[in-house]
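Here are my comments on the model you sent, set out as numbered points. Please read them with the sequence and the structure open beside you.

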Amino acid sequence: AFNANVAAAQGALNAFIVATPQKALEAAKTVDDARAKGEALGPMAGVPIGMKDLFATDGVQTSAASHMLEGFVPRYESTVSRKLWEAGAGMLGKLNLDQFAMGSSNESSHFGAVVSPWRRPGSNAPLTAGGSSGGSSAAIAARLAPAATGTDTGGSIRQPAAYTGTTGIKPTYGRCSRWGVVAYASSLDQAGAMARDVTDCAIMLESMAGFDPKDATSLDMPVPNWTASLSGDLRGKKVGIPREYRVEGMAPEIEAMWEQGIAWARDAGAEVVEVSLPHTQYALAAYYIIAPAEASSNLARYDGVRYGLRDLPDGAGLQDMYAATRAAGFGAEVKRRILIGTYVLSAGFYDAYYTKAQKVRTLISQDFATAFEEVDVLLTPTAPTAAFALGENQDDPVAMYLNDVFTVPASLAGLPAMSVPAGLDAQGLPLGLQIIGRPLDEQGVLNAGL
Ligand code: GLN
């Protein structure tokens with residue numbers, strides 16, 4: 001049924017880059033076989049999932065939604081996807097995303113934007129499903145997949161979840177291996193789970209997380225049984241409301257949704273207190289220095305020699321090949337990031353931008369550490385608006401970057417954070433609430449989200 005839905009919706013939503021119906025069927029079949037033999041089933045047995053096309057999948061194109069990696073078929077499997085297959089899941093296909101995971105609307109994909117299944121009442125204008133994990137969020141919202149992987153560098157799991165009425169969790173940095181995930185900004189990139197609700201996210205994340213010696217920043221910690229300890233009872237817990245997230249000009253309906261979230265937390269028994277994260281206003285600027293800096297370094301590997309595209313004009317030398325390959329292989333947003341990144345890392349500007357941004361990052365982490373001495377979790381809106389129309393922010397990169405204002409601080413601090421559906425706005429579009437937790441306290445985040 002899911003395979004049929006994937007095929008039927010492709011023209012309207014463009015959520016998938018490649019469909020792999022056979023793989024989903026194979027996983028279903030192993031369940032039948034295991035049952036027949038009386039063997040135990042894995043926690044994801046037979047569950048068909050979408051795989052963001054940033055995870056290397058052995059024998060299946062892994063494009064990062066770029067022309068550069070179009071047609072690239074790895075001969076290895078990312079650790080996260082391997083763990084999911086070992087838990088019994090099957091792959092419906094590779095999901096569309098922003099090119100190299102850079103973007104907030106999916107419009108930077110070489111394969112065209114993902115279209116959200118949601119519409120404003122009385123309008124057929126296509127809306128964004130968010131980005132960069134927009135294929136994942138659209139597929140779940142449209143019931144093409146019960147769950148999907150996402151990656152989150154500055155909000156790419158949480159913002160698409162908020163825009164589509166789905167649920168997504170980015171665990172603590174280091175919980176999920178980055179091995180085999182196409183790198184964007186390595187000190188921020190983290191894989192996570194996207195699904196229809198908190199319980200499904202918990203089940204899936206348990207199968208994805210865990211120590212991996214192949215990732216130097218992987219945490220050597222046991223993965224707790226989050227599912228077994230899920231509880232929506234928040235008695236004795238303190239929920240913090242960061243004052244600085246009440247940004248000027250906040251849409252009244254976002255404000256109202258936040259108030260609703262506070263009321264829900266109180267109903268669940270929590271004590272709600274205001275806290276301060278004084279350096280919040282610098283987070284976006286620091287992020288848009290650090291992430292492009294790391295990206296410019298990570299993307300240096302696409303040189304026409306080792307992976308994907310090679311553009312070798314007649315009579316060209318090595319430098320010409322690099323230039324031609326990179327000119328043709330990267331889209332405009334990726335080039336913008338590489339230019340910003342190389343600029344802020346250049347000898348004359350390194351201290352003014354990159355070093356400064358790293359200092360700001362430390363201050364932001366310290367703000368969170370101070371707040372978490374007092375409260376167990378933080379509650380904020382996930383994004384400053386509901387989903388916008390495709391095309392609306394495309395000519396204005398800064399307006400696009402502003403979408404990430406509430407999600408990047410937790411990324412800079414490496415904290416677990418989740419977006420949960422929080423009702424609809426006046427136009428009937430979904431909104432999301434963000435829960436941010438202490439390092440390694442995915443349980444606290446999941447329980448508050450429940
Ligand atoms: N929108 C942010 C960016 O473009 C976040 C992307 C992400 O988390 N991958 O960098």
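Is serine 156 buried or exposed?

1. The model is a predicted one, and I take the question about serine 156 as the way in. Serine 156 has 36 C-beta neighbours inside 10 Å, and it therefore counts as buried, the cut-off for that label being 20 or more other C-beta atoms within this distance. It sits in the loop between β4 and α5 (158-164). When its neighbours within four places in sequence are left aside, serine 156 is in contact with Ala101, Gly131, Ser132, Ser133, Gly150 and Thr151.

2. Serine 132, one of those contacts, lies in a loop as well, namely the one between β3 and α4. It counts as buried because 35 C-beta neighbours fall inside 10 Å. Not counting residues up to four places away in sequence, serine 132 touches Leu97, Asp98, Ala101, Met102, Gly103, Asn106 and Ser156. Ala101 is thus listed among the contacts of serine 132 and also among those of serine 156.

3. What does UniProt list for "active site"? The entry, which is unreviewed, gives Lys52, Ser132 and Ser156 under that heading. These residues span 105 residues in sequence, yet no two of their C-alpha atoms are more than 11.2 Å apart, so they gather at one spot. I would keep in mind that such annotations may be inferred rather than shown by experiment.

4. Lysine 52 leads on to the sheet, since its bridge partner in β3 is leucine 95. Strand β2 (residues 48-52) and strand β3 (residues 90-95) run parallel and are joined by five bridges. Both belong to an open sheet of 11 strands with mixed pairing, in the order β1-β3-β2-β4-β6-β5-β10-β11-β9-β7-β8. The edges are formed by β1 (16-19) and β8 (271-275), each of which has a single partner strand, so one side of each is left without a neighbour in the sheet. With direction ignored, neighbouring strands of this sheet are turned by 30° against each other on average.

5. Helix α4 (residues 134-141) lies across several of these strands, namely β1, β2, β3, β4 (147-152) and β6 (190-195), and it runs at about 155° to β4.

6. Further along the sheet, strand β10 (residues 417-424) is mostly covered, with six of its eight residues buried. Three bridges join β10 to strand β5 (residues 167-170), and the two run antiparallel; here glycine 168 has serine 419 of β10 as its bridge partner. Strand β11 (residues 430-437) is also antiparallel to β10 and is joined to it by six bridges, with isoleucine 435 of β11 as the bridge partner of methionine 418. The hairpin of β10 and β11 has five residues between the strands, and glycine 428 in it takes a positive phi near 85°.

7. Which residues are in contact with isoleucine 436, leaving aside its neighbours within four places in sequence? They are Val377, Leu378, Ala410, Leu415 and Ala417. Isoleucine 436 is found in strand β11 and is buried, with 30 other C-beta atoms within 10 Å. Its C-alpha atom is separated by 4.3 Å from that of alanine 417, although the two residues are 19 residues apart along the chain.

8. Helix α6 (residues 198-208) deserves a look of its own: eight of its 11 residues are buried, so the helix is largely enclosed by the rest of the structure. The buried residues are Val198, Cys201, Ala202, Met204, Leu205, Glu206, Ser207 and Met208, a list that includes the charged residue Glu206. What covers them includes α3 (79-86), β4, β5, β6, β10 and α14 (442-449). Just after α6, glycine 210 takes a positive phi of about 135°.

9. Finally, helix α8 (residues 283-298) packs with helix α10 (residues 332-345) at an angle of about 100°, their axes being 7 Å apart. That makes α8 roughly perpendicular to α10. On the side of α8 the contact is made by Ile289, Pro292, Ala293, Ala295 and Ser296, and on the side of α10 by Arg337, Ile338, Ile340, Gly341, Thr342, Val344 and Leu345. By class, this contact has eight nonpolar, three polar and one charged residues.

Key: Residues are numbered from 1 along each chain as its sequence is written. This is a predicted model: local features need pLDDT of at least 70, side-chain atom pairs count only at pLDDT 80 or more; totals for chains, interfaces and linings use all residues. Two strands pair if DSSP finds at least two bridges between them. Helices (H or I, at least four residues) and strands (E, at least two) are DSSP runs, numbered from the N terminus. Axes are lines fitted to C-alpha atoms, for helices over the stretch in contact, and angles run from 0 to 180 degrees between N-to-C directions. Two residues are in contact if their C-beta atoms, placed from the backbone, lie within 7 Å. A residue is buried if 20 or more other C-beta atoms lie within 10 Å of its own, exposed if 12 or fewer, and partly exposed in between; C-beta atoms are placed from the backbone. Angles under 35 degrees count as roughly parallel, over 145 as roughly antiparallel, 65 to 115 as roughly perpendicular and the rest as oblique.
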